[in-house]
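Trainee: Could you take me slowly through one part of this model, namely the place where the two chains meet, together with the elements that lead up to it?

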Protein chains: 2
Amino acid sequence: MFRFERIACDAASKARAGRMATAHGVVATPAFMPVGTQGTVKSLSPDELEGCGVQILLGNTYHLFLRPGEELIRRLGGLHRFMHWPRPILTDSGGFQVVSLARLATVTEEGVRFRSHIDGAEHRLSPERAVEIQLALGSDILMCLDRPVGWPAPRAEIEAAERLTLRWAERCRRRWEDSGLAGSRALFGIVQGGVDAALRRRSAADLAALDFSGYALGGLSVGEPLELMLQTAAGTLPLLPEDKPRYVMGVGRPEDLLDLICLGADLFDCVLPTRNARHGQLFTSRGTIQLTHAAWREEAGPPDPECGCSTCRRYSLAYLRHLFLSRELLAYRLTTLHNVHYYVDLVRRAREAILRGEFAEFRNRFYRRREI
Amino acid sequence: MFRFERIACDAASKARAGRMATAHGVVATPAFMPVGTQGTVKSLSPDELEGCGVQILLGNTYHLFLRPGEELIRRLGGLHRFMHWPRPILTDSGGFQVVSLARLATVTEEGVRFRSHIDGAEHRLSPERAVEIQLALGSDILMCLDRPVGWPAPRAEIEAAERLTLRWAERCRRRWEDSGLAGSRALFGIVQGGVDAALRRRSAADLAALDFSGYALGGLSVGEPLELMLQTAAGTLPLLPEDKPRYVMGVGRPEDLLDLICLGADLFDCVLPTRNARHGQLFTSRGTIQLTHAAWREEAGPPDPECGCSTCRRYSLAYLRHLFLSRELLAYRLTTLHNVHYYVDLVRRAREAILRGEFAEFRNRFYRRREI
């Protein structure tokens, strides 16, 4: 089962609040998905994720395929059981990692041949295989194998990748339908086309015609200026079917999420909250804090007095700074927990503002606070 | 306030069960204290420690003195508040770390001069200073500054260290009494004397005459053969006042703890459960498990089916092995939690066996299981 319904639409923007029902439960949208690359959101337990209000996780097909292998996970009851996460999971297709992480990737019509970044072993990934792996993992939402390009890139390369992405999407869709599992697992198509408005428009239209469970914008936040990213999202999101969830992949900072919600996006994932936490950067209602800063040496207050996460309720900045400077494992955990809570809570409050018809005010307040 | 009472004594051995009341609550003895070196038991939260049944933590004076400094911790409300641990804390004196970790340590009658292992800065530690630092940290149980020697060492060196330890103990005791806090904070004396029975005897007798809140055996597990360690403990423990808690410092494996309980020890600390966990070694009722072993690749069962810890209740060996091989932060946390639970639970069950008058059977069963 997979169902998406819009519950409220903002009058002053394209923002919308919805509900996405999956085989492992309902996700209230807009929603932020923390990244659980290798079957774990780095440093956090599933209990802590639930405590942060996380509704859905993202898993990385590329990593899990290489280690421990999707067959092992399938035999052990699927990814949900393997990592003890009972709620929805969306998996990417591996398309992005194959070109960004793997070595010696060769792309043909058939698929991608590449060498593992772990042991150099050669592997192949095709649209069909990407779907099969995600089915073996037991993912609730599968992503089509796509062909992202970096920025900048020649128009011809962007166009070729966009066309290939479409043909691969057709093959993914066929394999998904043939699996007999299309009723319980969703499959999202991914729009490519770089920052070229015409290519994005064509990609969106052609994918929409294939009737996927949902649609994603891929190939953003790959080095292009922020304005181009937002311009592309603004031009493309309205072209996607209104009654399907819209997922902007791999973006971004808190303010980017609010901007994209404004443009009608429903789902997000990004490594920023987790990765930056491990580098001592905390997101707060007043902006970001760098833990190593000497100003926090004796600070008895929490990172964010307005935050209700278990880190802010228990610990001082002085303690967190001490743990971080001492390279204590607990440091990465407490900062990650705070940042994940911050992201999830920001998007949750944005949703509530949409439901109350006050999203514009909410966004203004967000910016005003950070100017203090 | 500090009070120790014996509740039950084993008929067939010197094992005893007791209660130790401190300013931050009661500790049922025998008890195992996980090591929280830098204001955290590596990777675990205080909630998890409580969940493991931990009653009391050990903090390292040397580390906290160097970073973040005891004055900062005092200003922020003491170590309990700093690390959000509301239960009892015992701090060592730094005597062991100064000779094992610090650089260029020079020992004189006055105290120790050394350079920090972190930044090379020169520091001094005297018996009085060691007490002052521990008072500033807000420790419930303070340890006297002692002078441990390695193994083997010339008798003259062992004897000199034993005598110096005694003179330092007198100075620690005076500083503690003068602080006006002796009513609420306990001070333990540390018996030295290497593996020399006569020196240990004299050390124990002279310290007992000074009337400390409790007594510890120091300078064990410093490289001597296991038999010598047990022989020394067997010879020394009975010489310590029966009505005071007896703490064997820095020992050891699960079987060593049971042996020492047999000899009348009440308190233990050791880095084995936490350090070995970070190296992928798990303690179980059947012996130890090395996570990297290929045998666990597809093992759907938990590390120890008899264990009730949250790791064993949730995760398969296959998942833990995957996390460990992937160097995921969650690996160190889940293994540490299990090992701490194992140690604390073993000692708790030993106590219950003493109370039931079945300690010998309990010990036999422990060994029988590991032979399976």
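Mentor: What follows goes from the meeting of the two chains to the helices and sheets around it.

Please keep in mind throughout that this is a predicted model. The contact between the chains draws 30 residues from chain A and 30 residues from chain B. On the side of chain A that touches chain B, the elements giving two or more residues are α3 (70-75), α4 (79-83), α13 (317-325) and α14 (329-356) of chain A. Of these, α13(A) gives the most, with five residues. If you sort the residues on that side of chain A by class, you will find 14 nonpolar, nine polar and seven charged.

Next, consider how the two copies are placed with respect to each other. Two copies of a chain are related by a rotation about an axis and a shift along it. Here, a turn of 180 degrees and a shift of 0.0 Å along the axis lay chain A on chain B with an RMSD of 0.0 Å, and the two copies are thus related as by a two-fold rotation axis. The C-alpha of chain A that is nearest this axis belongs to A:Leu329, at 3.7 Å from it, and residue 329 is also where α14 of chain A begins. Moreover, 100% of the interface residues of chain A are also interface residues in chain B, so the copies meet through the same surface.

Two of the helices that contribute to the contact, α13(A) and α14(A), also pack on each other, at an angle of about 130 degrees and with their axes 7 Å apart. That angle makes α13(A) oblique to α14(A), and the crossing of the two helices is left-handed. From α13(A), the residues A:Leu320, A:Leu323 and A:Phe324 take part, and they meet A:Leu330, A:Ala331, A:Leu334 and A:Thr335 of α14(A). Sorted by class, this contact between α13(A) and α14(A) has six nonpolar residues, one polar residue and no charged residues.

From α14(A) we can move on to a sheet in chain A, an open one of three strands with the order β1-β2-β3 and antiparallel pairing. Its edges are β1 (3-9) and β3 (25-29) of chain A, each of which has a single partner strand, so one side of each is left without a neighbour in the sheet. From one strand to the next, the twist averages 15 degrees. The strands β1(A) and β2(A), the latter covering residues 16-22, run antiparallel and are joined by six bridges, and within this pairing A:Arg3 has A:Ala21 of β2(A) as its bridge partner. Helix α14(A) packs on this sheet, where it touches β1, β2 and β3 of chain A, and its direction makes about 120 degrees with that of β2(A).

On the other side of the pairing, β2(A) and β3(A) also run antiparallel, joined by five bridges, with A:Met20 standing opposite A:Val27 in β3(A). These two strands, β2(A) and β3(A), form a hairpin with two residues between them. When you follow any such strand in the picture, it helps to remember that in a regular strand the side chains alternate between the two faces of the sheet.

Finally, turn to chain B, where you can look at α14 beside another helix. The axes of α10 (residues 254-262) and α14 (residues 329-356) of chain B come within 11 Å and cross at roughly 25 degrees, and α10(B) and α14(B) are therefore roughly parallel to each other. The crossing in which α10(B) passes α14(B) is right-handed. On the α10(B) side the contact is made by B:Pro254, B:Leu257, B:Leu258 and B:Ile261, and on the α14(B) side by B:Tyr343, B:Leu346, B:Val347 and B:Ala350. By class, this contact of α10(B) with α14(B) has eight nonpolar residues, no polar residues and no charged residues.

Definitions and conventions: Residues are numbered from 1 along each chain as its sequence is written. Chains are lettered from A and ligands numbered from 1 in the order in which they are written. This is a predicted model: local features need pLDDT of at least 70, side-chain atom pairs count only at pLDDT 80 or more; totals for chains, interfaces and linings use all residues. Two residues are in contact if their C-beta atoms, placed from the backbone, lie within 7 Å. Helices (H or I, at least four residues) and strands (E, at least two) are DSSP runs, numbered from the N terminus. Ala, Val, Leu, Ile, Met, Phe, Trp, Tyr, Cys and Pro count as nonpolar, Asp, Glu, Lys and Arg as charged, and the others, Gly among them, as polar. Copies are superposed by least squares on the C-alpha atoms of residues with pLDDT of at least 70 in both. Axes are lines fitted to C-alpha atoms, for helices over the stretch in contact, and angles run from 0 to 180 degrees between N-to-C directions. Angles under 35 degrees count as roughly parallel, over 145 as roughly antiparallel, 65 to 115 as roughly perpendicular and the rest as oblique. A crossing is left-handed if the near helix is turned anticlockwise from the far one by less than a right angle, and right-handed if clockwise. Two strands pair if DSSP finds at least two bridges between them.
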